[in-house]
Amino acid sequence: MAQSTQLHVVTGKGGTGKTTVAAALAMSLAGRGKKVLLCEVEGRQGIAQLFDVPPLPYEERRIAVGLGGGEVYALAIDPEAALLEYLAMYYRLGRAGKALDKFGIIDFATTIAPGVRDVLLTGKVYEAARRRTGGRFTYDAIIMDAPPTGRITRFLNVNSEVAGLAKVGPIRRQADSIMEMMRAPETRVHLVTVLEEMPVQETIDGIAELTSERLPVGHVILNLVRPSVLSEASQDALTSGSLAPASVGSVLAGVGLQRDADVAEALIAGGEAHLERQRLQDAQREILDGCGRPLVELPLLSDGIDLGALFELAEQLEGLR
Amino acid sequence: MTGKAHTSPSTRKGRTSPRGGTGGDGATGGRLDVDALLDDETTHIVVCCGSGGVGKTTTAAALALRAAEKGRSVCVLTIDPARRLAQSMGLTELDNTPRPVTGAALDGGSLDAMMLDMKRTFDEVVEQHATPEKAAQILANPFYVALSSSFAGTQEYMAMEKLGQLHATGRWDLIVVDTPPSRSALDFLDAPDRLSSMLDGRFIKLLLAPAKGPARLISAGFGIVTSALNKILGAQVLTDMQTFIAAFDTLFGGFRQRAEGTYALLQARGTAFVVVAAPEPAAMREASYFVERLAGEQMPLAGLVVNRVHESGADGITAVDAESAAQKLVDGSAGDARTTGELLTIHAERMRVTAREERLKRRFSAAHPGVPTVSVAALAGDVHDLDGLRRIGDLLAGADDA
């Protein structure tokens with residue numbers, strides 16, 4: 001029997017929209033009737049901003065309701081609060097807990113002591129993933145808006161962080177159990193990328209790193225994909241340079257729009273740039289096709305991201321379970 | 001993090017006044033005049049900061065190249081450049097020293113580039129400031145190994161350490177720094193303080209107490225604390241930490257002094273911060289936070305660079321008009337009519353994006369009226385050679401936007 005509930009870890013290079021994807025995945029699972037916990041670990045309050053709710057406290061709060069009875073709870077994990085909670089829970093350190101704070105140890109442990117911060121952040125997720133209510137897991141799934149791709153393996157691999165430091169003892173035991181959950185069949189690490197050279201390269205590197213640490217890689221999510229607008233005939237015309245500004249101008253005049261040469265040329269330049277980006281996108285997609293992981297595409301929404309957009313993106317993520 | 005009161009509301013205001021900005025109209029802060037900033041011979045350090053994925057490294061490299069080609073002697077310190085960008089600057093060797101960039105059109109100027117190796121920088125500091133015997137002891141300590149390769153602030157601190165070192169050599173008259181992609185983009189400002197607060201912390205003093213010998217009165221509190229720590233961490237961890245701190249003790253003073261020195265260098269005349277953002281809500285929010293924080297810390301802000309901004313040369317046609325015309329043209333026509341329809345669809349989309357980006361920029365300048373800003377148009381392709389950097393440099397200096 002599973003020791004912990006489903007865990008989706010969502011990572012991605014900065015600027016690729018991993019928080020948005022994590023939130024959309026939460027909405028998608030809630031749309032299928034599931035009770036989901038969406039966690040953030042970097043203190044950025046990105047979830048609160050997406051869902052347009054006040055900053056999240058260190059407390060599981062319901063922020064959205066899905067169709068079919070699903071719910072999304074959210075939690076901003078704060079390492080200090082997690083440490084105090086951990087001390088109280090496992091050591092009943094009432095008085096000593098306060099003494100630790102007085103001596104600056106809480107601050108030390110959460111900001112300076114190597115690895116401890118990450119053990120605390122993942123430790124809270126571990127606790128929530130194993131928690132049961134009335135004989136079954138409290139949550140059907142937990143989604144973690146995790147640190148960026150460049151740091152993800154180190155972040156999840158708390159064991160090796162702590163291993164150099166603590167060879168025995170409770171922190172070590174805690175790290176071992178967290179590692180077990182990270183490598184469990186219920187866990188997957190999804191990588192979010194945009195179809196540009198650097199993020200794609202980071203994604204490929206990230207998959208290799210995760211795999212070599214036996215961390216389970218799930219989907220690669222291609223975010224902000226620009227749909228192709230140009231038909232093949234138009235692409236040919238733009239590539240060969242056979243499209244005359246004058247001809248575009250007369251078409252524009254025919255539909256009652258401005259027909260100056262400048263305008264026609266600007267439209268053609270816009271088309272050429274679009275085409276160039278499409279080709280770059282295609283080339284990067286081809287690279288990812290060979291990465292050995294299933295791909296999911298999310299379109300670029302020109303109006304930006306709001307709750308409605310999250311529902312729209314959530315539909316595209318139905319293949320993730 | 002704690003302690004030093006850098007923030008003083010009374011002095012805040014004057015320091016936000018930007019360096020290197022054109023007069024512009026006072027209300028909006030005007031356009032960030034990049035050339036004036038780079039031409040100004042009193043500008044010795046430019047720090048590019050902003051959240052991850054906004055093009056900080058590219059901006060830093062483009063500024064450095066432009067300054068070098070203007071005849072200045074420049075070093076660019078990057079943290080984590082894209083592979084091909086690194087290659088284009090000759091950054092293939094990771095030896096933690098600046099190397100000349102070949103291919104720059106230099107007219108009396110020079111350009112060196114380096115990529116930060118965090119652990120190596122830390123090791124070098126230890127080696128330089130401790131006896132060989134003690135250095136070996138520190139470098140082998142498990143606590144040091146973990147601290148130097150993973151402490152949340154090490155990269156930030158080491159970037160600042162390296163900046164201080166490069167500056168001290170006096171070899172360059174301009175150093176451009178890219179900052180690490182931190183969980184909070186401002187971690188590097190906190191790093192010196194955090195280090196100080198760690199070194200001054202009572203906890204460290206307590207750990208040192210037994211090593212410093214003669215039997216002294218240990219407070220009852222300490223007994224509880226050590227026993228709690230032993231329970232949680234295991235006795236071996238505490239011993240490692242004590243050994244490390246005892247060995248490191250003599251270096252503390254030097255470390256703190258250097259941290260404070262670098263901090264002062266950042267505040268000094270001759271330093272200019274350039275906040276880099278992309279026209280996305282999260283990145284602009286981070287930029288706002290950044291600008292406020294820099295003002296609070298009395299760090300000299302030159303202005304804001306908004307990268308990857310979309311614009312259209314056909315802005316006489318509105319999104320709505322373009323869309324309805326496109327619909328007519330794409331359905332049931334062929335040839336140039338159909339193509340024009342598709343071009344109008346692309347244009348409509350572009351106008352929508354532009355409008356959203358404009359809103360974000362307006363919101364920023366309403367909240368931060370004194371900050372000069374420059375927008376850099378999105379290029380269709382990636383930048384990975386010196387020509388690309390030159391193009392970005394031109395856009396930074398000449399784009400007709402505010």
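The following dialogue examines how descriptive terms are applied to a predicted model.

Biologist: What makes up chain A in terms of helices and strands?

Modeller: Chain A of this predicted model holds 14 helices and 10 strands. Its C-alpha trace spans about 80 × 40 × 40 Å along the principal axes. Of the 321 residues in chain A, 51% are buried. Among contacts in chain A with a separation of 6 or more, 72% are between residues 24 or more positions apart.

Biologist: Why is Ala146(B) called buried?

Modeller: A residue is buried if 20 or more other C-beta atoms lie within 10 Å of its own. Ala146(B) has 23 other C-beta atoms within 10 Å, and it is therefore buried. This residue belongs to helix α7 of chain B, which covers residues 142–150. Ala146(B) and Ala168(B) are 22 residues apart in sequence, and their C-alpha atoms are 28 Å apart in space.

Biologist: Why is Thr97(B) called exposed?

Modeller: The term exposed applies if 12 or fewer other C-beta atoms lie within 10 Å. Thr97(B) has 11 C-beta neighbours inside 10 Å, so it counts as exposed. The loop between α4 (83–88) and β3 (99–100) of chain B contains Thr97(B). Between the C-alpha atoms of Thr97(B) and Thr57(B), which are 40 residues apart along the chain, there are 18 Å.

Biologist: Why are Gln298(B) and Arg308(B) called partly exposed?

Modeller: Partly exposed residues fall in between the buried limit of 20 or more and the exposed limit of 12 or fewer. Gln298(B) has 17 C-beta neighbours inside 10 Å, and Arg308(B) has 18. Each count therefore leads to the term partly exposed.

Biologist: What is the phi of Gln298(B) and of Arg308(B), and where do these residues lie?

Modeller: Gln298(B) has a positive phi of about 55° although it is not a glycine. Arg308(B) also has a positive phi of about 55° and is not a glycine. Gln298(B) is in the loop between α13 (281–296) and β7 (301–309) of chain B, whereas Arg308(B) is in strand β7 of chain B.

Biologist: How do you know that α14(B) and α15(B) are roughly antiparallel?

Modeller: Helix α14 (residues 319–330) and helix α15 (residues 335–367) of chain B have axes that cross at roughly 155° and come within 8 Å. Angles over 145 degrees count as roughly antiparallel, so α14(B) and α15(B) receive that term. The crossing of α14(B) past α15(B) is left-handed. Residues making the contact include Ala322(B), Ala326(B) and Leu329(B) of α14(B), and Leu344(B), Ala348(B) and Met351(B) of α15(B). The residues of this contact comprise 10 nonpolar, four polar and four charged.

Biologist: What makes strand β2 of chain B largely enclosed by the rest of the structure?

Modeller: Strand β2 of chain B has six residues, 73–78, and five of them are buried; the strand is therefore largely enclosed by the rest of the structure.

Biologist: How do you know that β2(B) pairs with β4(B) and with β5(B)?

Modeller: Pairing requires at least two bridges between two strands. Six bridges join β2(B) to β4 (residues 110–115) of chain B, and four join β2(B) to β5 (residues 174–178) of chain B. Both counts therefore satisfy the limit of at least two. The pairing with β4(B) is parallel, as is the pairing with β5(B). Thr78(B) has Met115(B) as its bridge partner in β4(B), while Cys75(B) stands opposite Ile175(B) in β5(B).

Biologist: Why are β3 and β8 of chain B called edge strands?

Modeller: The open sheet has eight strands in the order β3-β4-β2-β5-β1-β6-β7-β8 (chain B), with mixed pairing. β3 and β8 (373–377) of chain B are its edge strands: each pairs on one side only. Four bridges join β8(B) to β7(B), and these strands run parallel. Leu304(B) stands opposite Thr373(B) in β8(B).

Biologist: Which helices lie across strands of chain B?

Modeller: Helix α3 (residues 56–69) of chain B lies across β1 (45–49), β2, β4, β5, β6 (271–277) and β7 of chain B, and runs at about 170° to β2(B). Another such helix, α13(B), lies across β1, β6 and β7 of chain B and runs at about 160° to β6(B).

Terms used
Residues are numbered from 1 along each chain as its sequence is written. Chains are lettered from A and ligands numbered from 1 in the order in which they are written. This is a predicted model: local features need pLDDT of at least 70, side-chain atom pairs count only at pLDDT 80 or more; totals for chains, interfaces and linings use all residues. Two residues are in contact if their C-beta atoms, placed from the backbone, lie within 7 Å. Axes are lines fitted to C-alpha atoms, for helices over the stretch in contact, and angles run from 0 to 180 degrees between N-to-C directions. Angles under 35 degrees count as roughly parallel, over 145 as roughly antiparallel, 65 to 115 as roughly perpendicular and the rest as oblique. A crossing is left-handed if the near helix is turned anticlockwise from the far one by less than a right angle, and right-handed if clockwise. Ala, Val, Leu, Ile, Met, Phe, Trp, Tyr, Cys and Pro count as nonpolar, Asp, Glu, Lys and Arg as charged, and the others, Gly among them, as polar.
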